[in-house]
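Visitor: Please take a close look at a single part of this protein, and then work outward to what surrounds that part.

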Amino acid sequence: MTEFEKYLQGFVETYYENASETDKETLLNRIVCDAGNKRYVVQEGRRRMADGDEKGDKIYDLSELRDFPDIDSEEFKSNCLDTNSPEHKACEAEIKDLVAWFTSNDSKAAADLKALLAHSEIEYRVRKNWTVPNGSCAFQKGENGTPDKIVICISDLKRLKKEGVLSEINEDALPQILAHELGHAVEFGKRPKEWQTKYMDGAETAADLYASSLLFNCGISERGFSQYMGMDYDKKKEKGEDTRMPYTPDGGFRRDNFIKSEEAMRRAKINELRGLAPARRQPLRENGNPETMRGRQQSIIGNAIDAKIHNR
Ligand SMILES: [Zn+2]
């Protein structure tokens, strides 16, 4: 295992502190051993599709993948909804509402996102020219006390819904795409300097697993986008098409991550409620009394009720 893989595993592990050791091992190993049908290899500065069973290079340099978007450039602007348009403002309001929801519980995933946002400038953009549900996250580390800069782009999902690209079961893809992209930002924010420009498929799995924990802890369905990816994968497979993705594990593998993670967290929660596992370590409340199991149960029930209200 490379040092970078170890780092990514360590990043994810903190969000599954209540999961059983077996579940943790299953999930963390997915960061290292991905679908095994590697997509591209980088050779002499160019990328090409890996042949047959050949595994692609495990670690790329970020500069080979994409540049930090120049959000003031005309080209970038022309690919996004006009930020003054009502369409953009509606999407942005929905995104901000979700981010507020993501950070309004006491989970580790929520706390880390909150901490990142407290010292970041974050911009949201809606991409007009993406024809499938997708997202991207660009991250620029602040230096000498300046805030980190984050630019998150999301497909125009409202339009894609209208056009029927998203079917009924996966039409609420926004929470999951957003949580995944914020997962990249949280992960980048924590990176030691030596990994600052590194990238591998495992970073995608790590962002998915972070997203899964973030969503689970606020009771939002996490199946929207992963079901889309899975269905897309199934369709390609059925037609005998290439299911490999550039730089990210294939959709089937990613759907599986979400399912496995959700199951692991559900098991952990059930054990916690039964008193079989210690309640998550909570900071003391203002009155200084440690949390009781009964209080914990109440707050879980409260979260579940709130989640129902929030789900549209
Ligand atoms: Zn990603």
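**Helix H8 and its surroundings**

Guide: Helix H8 has 16 residues, and from its first C-alpha to its last it reaches 23 Å, close to the 22 Å expected at 1.5 Å a residue. Helices (H or I, at least four residues) and strands (E, at least two) are DSSP runs numbered from the N terminus, and the expected span is 1.5 Å times one less than the number of residues. This is a predicted model, in which local features need pLDDT of at least 70 and side-chain atom pairs count only at pLDDT 80 or more, while totals for chains, interfaces and linings use all residues. Residues are numbered from 1 along each chain as its sequence is written.

As to its environment, 16 of the 16 residues of H8 are buried, so H8 is largely enclosed by the rest of the structure. Here buried denotes 20 or more other C-beta atoms within 10 Å of a residue's own, exposed 12 or fewer, and partly exposed the range in between, with C-beta atoms placed from the backbone.

From H8 one passes to H10 (251-274), since the cover over the buried residues of H10 includes H8 (201-216), along with H2 and H9. Packing and touching here rest on contacts (C-beta atoms, placed from the backbone, within 7 Å). The buried residues of H10 are Gly251, Phe253, Arg254, Arg255, Asn257, Phe258, Ser261, Ala264, Met265 and Ala268. At 1.5 Å a residue the 24 residues of H10 should span 34 Å, and the 35 Å between its end C-alpha atoms agrees with this. Just after H10 comes Gly275, which takes a positive phi of about 80 degrees.

H9 (residues 224-238) is the next element to consider. With 15 residues, H9 reaches 21 Å between its first and last C-alpha atoms, close to the expected 21 Å at 1.5 Å a residue. In H9 the buried residues are Gly224, Phe225, Ser226, Gln227, Tyr228, Met229, Gly230 and Tyr233, and these pack against H7 and H10. Gly240, just after H9, adopts a positive phi of about 75 degrees.

The start of H9 also meets a residue from another part of the chain. Ala173 sits in the loop between H6 (157-162) and H7, and it counts as buried because it has 25 C-beta neighbours inside 10 Å. Although 51 residues separate Ala173 and Gly224 in sequence, their C-alpha atoms are 4.4 Å apart. Leaving aside residues up to four places away in sequence, Ala173 touches Gly224, Phe225 and Tyr228, together with Pro133, Leu157 and Leu166.

H7 (residues 174-190) in turn packs with H4 (residues 86-102): their axes come within 11 Å and cross at roughly 65 degrees. The axes are lines fitted to C-alpha atoms, for helices over the stretch in contact, with angles from 0 to 180 degrees between N-to-C directions. On the H4 side the contact is made by Glu94, Ile95, Leu98 and Phe102, and on the H7 side by Leu174, Pro175, Leu178 and Ala179. By class, this contact holds seven nonpolar residues, no polar ones and one charged; Ala, Val, Leu, Ile, Met, Phe, Trp, Tyr, Cys and Pro count as nonpolar, Asp, Glu, Lys and Arg as charged, and the others, Gly among them, as polar.

H2 (residues 21-32), one of the elements covering H10, packs with H1 (residues 3-13) at an angle of about 140 degrees, with their axes 9 Å apart. Glu5, Leu8, Gln9, Val12 and Glu13 of H1 meet Lys24, Leu28, Ile31 and Val32 of H2. The classes represented in this contact are five nonpolar, one polar and three charged residues.

Two sites involving strands complete the tour. Ser120 belongs to strand E4 (residues 120-127) and is partly exposed because 17 C-beta neighbours lie inside 10 Å. Ser120 and Asp148 are 28 residues apart in sequence, yet 4.5 Å apart from C-alpha to C-alpha. Beyond four places in sequence, Ser120 touches Pro147, Asp148, Lys149 and Ile150. Asn144 lies in the loop between E5 (135-140) and E6 (148-155). Asn144 has a positive phi of about 50 degrees although it is not a glycine; with 4 C-beta neighbours inside 10 Å, it counts as exposed.

For the protein as a whole, there are eleven helices and seven strands, and buried residues make up 34% of the 312 residues. Among contacts with a separation of 6 or more, 72% join residues 24 or more positions apart.

Technical notes: Contact = placed C-beta atoms within 7 Å.
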